[in-house]
Amino acid sequence: MPELPEVETVRRGLAPVMEGQVMAKVEVNRPDLRWPFPERMAERLTGRRILQLRRRSKYLLGDLDSGETLLVHLGMSGRMTVSGDPLGRFVHDHPAVQKHDHVVFHMESGARITFNDPRRFGAMDLMQTATADQHKLLSVLGPEPLGNEFDEAYLIAAFRGKNTPVKSALLDQGIVAGLGNIYVCEALFRCGISPLRKAGQISAARVASLVPAIRDVLERAIAAGGSSLKDFRQADGELGYFQHSFDVYGREGEPCHTPGCNDTINRKVQSGRSTFYCPSCQR
DNA sequence: AGGAGCGCCTGCAGGC
DNA sequence: TGCCTGCAGGCGCTCC
């Protein structure tokens with residue numbers, strides 16, 4: 001699924017056709033995704049103007065002129081793609097409804113945004129904008145990795161005494177919000193830190209090195225339009241291309257990219273998820 | 001208290 | 001061709 005860079009890529013693609021625009025009609029084609037949709041979702045969205053499209057962690061948040069905020073999560077396989085001309089000049093290029101097109105937003109401009117999610121691990125909800133931070137999915141989140149609150153001192157303190165592997169600690173959305181399996185693996189490789197090492201046992205200097213490494217890998221991934229494995233598409237349907245820049249993710253058995261290293265990338269399962277790393281470079 | 005494991009779903013690739 | 005198994009970018013819940 002989309003991790004932070006993929007969600008940010010989608011947000012940037014949707015913003016030009018959604019921000020400031022009115023939803024003329026919203027089709028809701030099933031009662032639920034991971035959870036039931038909020039009560040009367042289509043009615044509460046219809047006719048509303050989207051004032052702003054924000055991102056918090058892996059959640060998209062659309063603030064409406066009704067004082068409510070629409071929360072969208074893409075789960076593992078969710079996509080939001082735009083069809084139709086944003087200026088409403090050509091509205092005949094909308095594809096037919098496809099399997100797993102669960103929600104379709106018809107904008108007044110003629111643009112159409114389709115939410116498609118085969119695995120249905122995604123979610124949507126509506127909440128009061130004023131208290132959005134207190135939503136149960138958002139209130140548990142740690143700082144944004146690209147924000148000022150996330151710095152060396154913060155991460156050192158967060159890891160202190162932690163008996164869990166650093167891989168799990170970085171996947172913990174309460175420590176830092178928005179990282180997933182791919183970018184955790186990549187950030188640990190860049191810092192030469194073994195994913196198996198206990199978070200609390202890593203020197204402060206090495207923990208500190210994770211902060212710029214995480215920022216750098218996320219920023220580069222956003223600049224590349226995210227990573228496309230099987231499912232991910234940008235809002236315009238294009239593939240992201242950061243997957244070509246992976247050092248470790250999905251590279252089991254392939255040579256390590258570190259100059260002079262003759263080892264190959266290993267895969268290990270940690271709490272049920274694949275971890276990719278170089279046993280020589282990551283200690 | 002905090003961490004590991006399971007389940008939610010569908011689709012795809014690979015082995016036979 | 002088809003069946004079976006394993007695997008997938010997330011995350012909340014239960015159990016220990």
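The exercises below work through a predicted model, with a solution after each task.

**Exercise 1. Annotated binding-site positions**

Task: Which residues does UniProt mark as "binding site", and why do they not all gather at one spot?

Solution.
- Step 1. The unreviewed UniProt entry places the feature at His100, Arg119 and Lys162.
- Step 2. These positions span 63 residues in sequence, and the farthest two C-alpha atoms are 40.8 Å apart, so they do not all gather at one spot.

**Exercise 2. Surroundings of Arg119 and Lys162**

Task: Where does Arg119 lie, where does Lys162 lie, and which residues are around DNA strand B?

Solution.
- Step 1. Arg119 sits in the loop that links strand E7 (112–116) and strand E8 (123–128).
- Step 2. A residue is buried at 20 or more C-beta neighbours within 10 Å and exposed at 12 or fewer. Arg119 has 14 such neighbours, so Arg119 counts as partly exposed.
- Step 3. Not counting residues up to four places away in sequence, Arg119 touches Gly75, Met76 and Ser77.
- Step 4. Lys162 belongs to the loop between helix H3 (152–159) and helix H4 (166–171). With 17 C-beta neighbours inside 10 Å, Lys162 is also partly exposed.
- Step 5. Once neighbours within four places in sequence are left aside, the contacts of Lys162 are Ala169, Lys198, Ala199 and Gly200.
- Step 6. The residues around DNA strand B are Lys99, Pro118, Arg119, Arg120, Phe121, Lys162, Asn163, Thr164, Pro165, Ser168, Ser271 and Gly272. Arg119 and Lys162 are thus both in this set.
- Step 7. Sorted by class, the surface near DNA strand B has three nonpolar, five polar and four charged residues.

**Exercise 3. Strand E4 and its partners**

Task: Is strand E4 (residues 68–73) buried or exposed, and which strands are joined to E4 by bridges?

Solution.
- Step 1. Six of the six residues of E4 are buried, so the strand is largely enclosed by the rest of the structure.
- Step 2. Glu68, Leu70 and Val72 point one way from E4, while Thr69, Leu71 and His73 point the other way; all are buried.
- Step 3. Strand E3 (residues 59–64) runs antiparallel to E4, and five bridges join the two. Tyr59 stands opposite His73 in this pairing.
- Step 4. E3 and E4 form a hairpin with three residues between them, and Gly67 in the turn has a positive phi of about 90°.
- Step 5. E4 is also joined to E8 by six bridges, again in an antiparallel arrangement. Thr69 has Met127 in E8 as its bridge partner.

**Exercise 4. The two domains**

Task: How many residues does each domain give to the contact between domain 1 and domain 2, and which element gives the most on the side of domain 1?

Solution.
- Step 1. The domain assignment of chain A gives domain 1 (4–134) and domain 2 (152–277). Their C-alpha centres lie 29 Å apart.
- Step 2. Domain 1 puts 15 residues into the contact and domain 2 puts in 19 residues.
- Step 3. On the side of domain 1 that touches domain 2, helix H1 (4–18) and strand E5 (79–83) are the elements that give two or more residues. H1 gives the most, with eight residues.
- Step 4. The residues on this side of domain 1 divide into six nonpolar, five polar and four charged.

**Exercise 5. The annotated FPG-type segment**

Task: What is the helix and strand content of residues 247–283?

Solution.
- Step 1. The unreviewed UniProt entry annotates residues 247–283 as "domain: FPG-type".
- Step 2. Over these residues the chain is 0% helix and 27% strand.
- Step 3. The end C-alpha atoms of the segment are 16 Å apart.

Terms used
Residues are numbered from 1 along each chain as its sequence is written. Chains are lettered from A and ligands numbered from 1 in the order in which they are written. This is a predicted model: local features need pLDDT of at least 70, side-chain atom pairs count only at pLDDT 80 or more; totals for chains, interfaces and linings use all residues. UniProt positions are given in the numbering used here, feature names are shortened, and annotations may be inferred rather than shown by experiment. Helices (H or I, at least four residues) and strands (E, at least two) are DSSP runs, numbered from the N terminus. Two residues are in contact if their C-beta atoms, placed from the backbone, lie within 7 Å. Domain bounds come from an automatic or database domain assignment. Ala, Val, Leu, Ile, Met, Phe, Trp, Tyr, Cys and Pro count as nonpolar, Asp, Glu, Lys and Arg as charged, and the others, Gly among them, as polar. Two strands pair if DSSP finds at least two bridges between them. A residue is near a molecule or strand if its C-beta atom, placed from the backbone, lies within 6 Å of it.
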